[in-house]
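Please report on the model shown here. Take the surface and the salt bridges along with the overall build.

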Amino acid sequence: MLDNLNWWEIAALLLLALLIFGDRLPTVINDGLRLVRNLRNMARNATGDLSRELGTDIQLEDLHPKAFIRKHLLSESDEEAIRKPLQGMYDNLRSDVTGVHNELKDVANAADLRGNGTRPATATGGTAPAPRPSYDDAT
């Protein structure tokens, strides 16, 4: 939790807490710890009640709506039936985008003067400076 703080920053925070709360600091720390314990117990009781009502074993991580539906309401065949049309559309879209990308690369290679090994001459008779590499060259 405090991985990004070094020892000096932690000491400064403790000193600041001591200056703000003074003699009440132990009481404030105890109240904070009691609050965290109560919240954990409430979450544990809620998951226990929900597990008992639904008749399945529910963990705290399962309370996310997507995870809950996937784990407790849908069977594997239902999930596959939902996923199949979307996967087909994704595959079709990916193949179309790949085809367009390949066609654009072919057009860029055909229009590229560097592809045939010659450089255009300048008005002074010398060769033009080498063009900068493009994004497609880097990838």
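## Leu13 and the nonpolar patch

Leu13 is found in helix 1. In this predicted model, Leu13 has a relative accessible area of 47%. The range for partly exposed runs between the 20% and 50% limits, so Leu13 counts as partly exposed.

Leu13 belongs to a nonpolar patch on the surface. The other members are Leu16, Ile20, Phe21 and Val28. Together the five have about 420 Å² of accessible area. Which helix gives the most to the nonpolar patch? Helix 1, covering residues 7-21, does so with four residues.

## Helix 2: span and buried residues

Helix 2 has 30 residues. At 1.5 Å a residue, helix 2 should span 44 Å. Its end C-alpha atoms are 44 Å apart, so the expected span and the model agree.

Which residues of helix 2 are buried? They are Leu25, Thr47 and Ser51. These buried residues pack against helix 1. Just after helix 2 comes Gly55, with a positive phi of about 80 degrees.

## Salt bridges

How many salt bridges does the count come to? The count is two.

One salt bridge joins Asp31 and Arg34. Their closest N and O atoms are 3.0 Å apart. That is inside the 4 Å cut-off for a salt bridge. Both residues lie in helix 2, which covers residues 25-54. They are three residues apart, about one turn of the helix. An α-helix has 3.6 residues a turn, so residues three or four places apart point the same way. Asp31 has 38% relative accessibility and counts as partly exposed. Arg34 is partly exposed too, with a relative accessible area of 43%.

The other salt bridge joins Arg52 and Asp49. Here the closest N and O atoms are 2.3 Å apart. Arg52 and Asp49 are three residues apart in helix 2, so about one helical turn separates them. Is Arg52 buried or exposed? At 60% relative accessibility, Arg52 counts as exposed. Asp49, at 39% relative accessibility, counts as partly exposed.

## Helix 4 and its kink

Helix 4 covers residues 76-111 and has 36 residues. From its first C-alpha to its last, helix 4 reaches 51 Å. That is close to the 52 Å expected at 1.5 Å a residue.

Where does helix 4 have a kink? The kink lies at Arg83, shortly before the proline Pro85. The bend there is about 30 degrees.

## The chain as a whole

The chain has five helices and zero strands. From the N terminus on, the elements run α-α-α-α-α.

Buried residues make up 5% of the 139 residues in the chain. Leu25, Thr47 and Ser51 of helix 2 are among the buried residues. The accessible surface of the chain comes to about 12500 Å². Carbon and sulfur atoms account for 60% of that surface.

What share of the contacts with a separation of 6 or more comes from residues 24 or more positions apart? The share is 0%.

Key: Residues are numbered from 1 along each chain as its sequence is written. This is a predicted model: local features need pLDDT of at least 70, side-chain atom pairs count only at pLDDT 80 or more; totals for chains, interfaces and linings use all residues. Side-chain values use heavy atoms; hydrogens and water are left out. Helices (H or I, at least four residues) and strands (E, at least two) are DSSP runs, numbered from the N terminus. Buried means under 20% relative accessible area, exposed over 50%, partly exposed in between (1.4 Å probe, protein chains only). Contact means heavy atoms within 4.5 Å. Accessible areas come from the Shrake-Rupley method with a 1.4 Å probe; for residues, only the protein chains shown count as cover. The expected span of a helix is 1.5 Å times one less than its number of residues. The bend at a residue is the angle between axes fitted to the seven residues ending there and the seven starting there. Patches are made of residues with over 30% relative accessible area and no salt bridge: like charges are joined within 9 Å, nonpolar side chains (Val, Leu, Ile, Met, Phe, Trp, Tyr) within 5 Å. A salt bridge is a side-chain nitrogen of Lys or Arg within 4 Å of a carboxyl oxygen of Asp or Glu.
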